[in-house]
Structures are given as structure tokens and as C-alpha cells.
Amino acid sequence: MRPGRRHPLPPRAPALPPLLLLLLLLAVAPPPQAAAVGVNWGFAASHPLPAAQVVRDLLLPNSVPRVRLSAASPDALAALAGTGVAVTVGVPNELLRPLAASRKAAAAWVHDNVTRYAPGVLFEYIAVGDDPFLLNHGQQFQPFVVHAAANIQQALDDAKLSSKMKVVVPCSSDAYQNASTLPSKAYFRPDVNKTMAELLTFLANHSSPFMIELNPILSFRQKKNISLDYYLFQLMSRPLSDGRNKYENYFDASIDAVVTALTKAGFSNMSIMVGRAGWPTDGALNATPAIAQSFMTGLVNHLARKSGTPLRPKFVPTETYLYSLLDEDQQSIASGSYERHSGVFTFDGQAKYHVNLGQGPKALKNAIDVDYLPSKWCVLDDNKDLSNVSSSFSAACSNADCTALSPGGSCTGIGWPGNVSFAFNSYYQQHDQSGESCSFNGLGLITTVDPSVDNCLFALAIHASASTSLHPAFSMLWILALWFFHLQFSLM
């Protein structure tokens, strides 16, 4: 446990008197458990918990049945071996081009990241790309994604592993257009139509599901006329009407929008899986632990009821992955500062709210015996000449994580000079508390008194080994090297 205090968890529902609880249990059958719920596990953190500790302290004690890895981390795959936890492993966008260009590169990737671990790791899917159709990416990855997926599939066939796992491609929700918010109006963007037709044909030929990535808080921020209750599975007095169909929550409407887009593309019966669905706890307005708990609990309970959607009654996504397991302070913030605060757990493995990841009604188990750096923080020395403090503040934030200072964030109200101290400390912790990282032209001061204020926590980093920090990088470099030599050879 981190020295000092932590945020209090959002309150759970009040306990019922034992007799009333017994009567309710006898009168009402409990909803069936949604077996196909998992959690995303990413590695974009400056000081991640060791993978073995994540598995030992978080996944297994909380009975997490399946996990989606953002990349093929040797540490994570080794730790998952023999656990029975089902695994989806991701292929980063940066590898799509070399994997599309070279079957040898695809075979090498499968050998290094799948075959090597297959005897002990229960692989379910290989997710090729990380939202390669995202509108912000333009044509950067789209031309390579189907060929990369096909080469990975061929490599699995050659390794006699294709019967044990499937290849999927994560597709962001902006891959289909739906300006009216009505599911019946959805269709795939014109600029992705050709590639999407090739992808859907590939998926259909291999009986693979269509993987959709949902970002509900982004949708909420973009659609000002939709209430927050709609996103949090709260009962609505006026559901969204779409012809004869009525939608009481964002999730069902999103699934049926995908069904509509697939139908218009000629694949009406394709199964759907949700690769991402979650709510952040910081970094934006309405990003709080309490709201995240409402969304996640509502989603898990909704899936457990297995009621389906108006277009697919009684059918639920084949799998749904909650986003995300841990906070990641180096996650891209292209969609918003909240992206670094999507974890059910803080970066050091402490639960931020209650949700059923597989453990049922029991409280989540936290990481134990976390190896923190010494209890030291870097703050602004306001006894110095502060005429140039703004440049030091900007330099710190440009090289560290200041997203909690964003409007609506947990630290947005601490004002000056607290915001400068927060920036200094973030930089200091990300640089392993080295003395020079608290210099800031003489404006930094190291203190042993926790400067946290109310809900604004000043981070205290944990020890991170070189292997933990670099785990997915070596495989990526090897594939890129193979592609480079393949390219050079083809030009000769």
C-alpha cells in the first residue's frame, strides 16, 4: 500500500436487513453471469507494475476470466501461462505495414508471440491493429490492415494453431457514420468502404467476429443533446426512438448501429464482439470514480441479463472487454486527457471503484507489497524568483503527465502554485526521483511531506525494471528489421 492516504472508494449500495435480503433472494432469481466479459491490459505506463504481480495480485484473486493485451508482452504472456485466463493479444499499428508486406515477418511474429507460449497460454484471438480505421489516422494504416491480418492467419495455419484462435481487427466507432444518433442511419464511412468490404469478407471466411471499440465518454461529449443517464444505464422517461425500436442506453444503440452498418455492407449475420467499453475517472468533466462505477456496473449487469438489442434480441456480443485494467500515464491523449485515467485500478494496482470483474459481489483485491520509490516529492520553492516559472511549468507538463490538471480533473481546483508543484512532481516521479529532475532552474524543492490536496493525489512512483518497461519493444524491432531487409531485397 502506498504510504499515506488514497481516494475513498465511491459508496456501495447500502446493505439490506438480513430477513429482507433473504426474502428478495428467494423471490427473485439472480441474473445469469455474463461469462464473456474480460478486461483490457495495456502497457503505456512509465512505471508499470511487474506483469507477474498484475496476474498474481489482480487477475487471479479477482477471478478475471479473460484479458486483452494491447501488445505481445513477453512478461505478461509468461505470467499468464498455466492460469487458464483466456488471452487476446494485440498487434500494434506500427507493425501493420511490415506484416502486410512479408509473410516471413508474420510467421516470425506468430512464432515469437504465440507459438512460443501456446502450450501454456489459452489464446482466443489475435487483434491486428489498434483502431487502424480511426478517423484521425487517415490512410496511415488502412491500406495494410487486411493483408497483415491475412498473413497472420496464414502463419497460424502453417503453425497448426488456427483451430485454437481467431484473427480479428479492432474498429473504432467512428468507422461508421451516424450523425443523427439513430442506429438505423449508421453506415460505414465512404473512405473505408473498399477496405471494410475486404475485411468483412476475410472475417466471414474464417468465421471471425467483427470487433468494435466503444468510447462512451467521447460520444457523450460530442452529442450535447443526450443525457448522461442514457450512457449510465439509468432508467429513462423518454427512451431514444428509432422507428418501432426504442433504446434506453448507449450500449444497445451502438451495437445496433454496427448491426445496421454490417447489414448495409451485406454481412447481416456477422457476430460482434466489443473490444473496448469503459469510463474514465479523471482528466475531464464527468470523469469521476463514481460515474465510472455507474457505467461499468450498469454494463456488466446489462450483459448478464442477456436481453440483447432491438435488432438482435437475446443475442449479446460474443465477448466484451472492459476498458481498462490499469491507468497508463503514457497513453495517447488524442481523444482527450481522460485516456490516461481509464483503469479500474490506479497504476499501482489499487481499486478506484467497485465493479464485478469476475469476483462477484466481493470487493476487488488490490496489489499488495507494491515496491514504491522513497516517500519524496518535488514541489515549487516559492521562496525563489518565480518570474520564469511558466516556462518550467510548460517544460514539466510537456514531458510528464499533467492530465489531472485538465478542466474537470481531480487537480484542476488546486490553483497556483499547487498546479506547478503537481507538474514538477509528475516529471520528478517519471524520472525515478533523480536529483536533477527536480531542478527546474533552481525552482524545484524536494520534500518528504506528501503535498496531495483533497482528491488531488501527487503521484509516488514505483520501481520499474528495464525488462518491464521495454517488454513489447524487442519483438517490434525484430519485425521491423525483417521488413527492412525484405524491402531492400525487393528493390535489388
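Reader: How much area does the protein expose, and what share of it do carbon and sulfur atoms supply?
Author: Happy to start there, with the note that this is a predicted model. The exposed area of the protein comes to about 22000 Å². Carbon and sulfur atoms account for part of that surface, and their share is 58%.

Reader: What percentage of the residues in the protein is buried?
Author: Buried here means under 20% relative accessible area. The protein has 492 residues, and its secondary structure includes 15 helices and 15 strands. Of those 492 residues, the buried ones make up 53%.

Reader: Let's look at strand β3: how many of its residues are buried, and which ones lie on each side?
Author: Strand β3 covers residues 86-91 and is mostly covered, with 6 of its 6 residues buried. Both of its faces are covered. One side carries A86, T88 and G90, and the other carries V87, V89 and V91.

Reader: Which residue of strand β2 stands opposite V87, and what is the handedness of the crossover to β3?
Author: Strand β2, residues 66-69, runs parallel to β3, and 4 bridges join the two. In this pairing, the residue opposite V87 is V67. From β2 the chain passes through helix α3, residues 74-80, to reach β3, and this β-α-β crossover is right-handed.

Reader: And on β4, which residue does T88 stand opposite?
Author: Strand β4 spans residues 122-128 and runs parallel to β3, with 6 bridges joining them. T88 belongs to the side of β3 that also holds A86 and G90. Its opposite residue in β4 is Y125.

How values were computed
Residues are numbered from 1 along each chain as its sequence is written. This is a predicted model: local features need pLDDT of at least 70, side-chain atom pairs count only at pLDDT 80 or more; totals for chains, interfaces and linings use all residues. Side-chain values use heavy atoms; hydrogens and water are left out. Buried means under 20% relative accessible area, exposed over 50%, partly exposed in between (1.4 Å probe, protein chains only). Two strands pair if DSSP finds at least two bridges between them. A crossover is right-handed if, with the strands pointing away from the viewer, the path from the first strand over the helix to the second runs clockwise. Accessible areas come from the Shrake-Rupley method with a 1.4 Å probe; for residues, only the protein chains shown count as cover.
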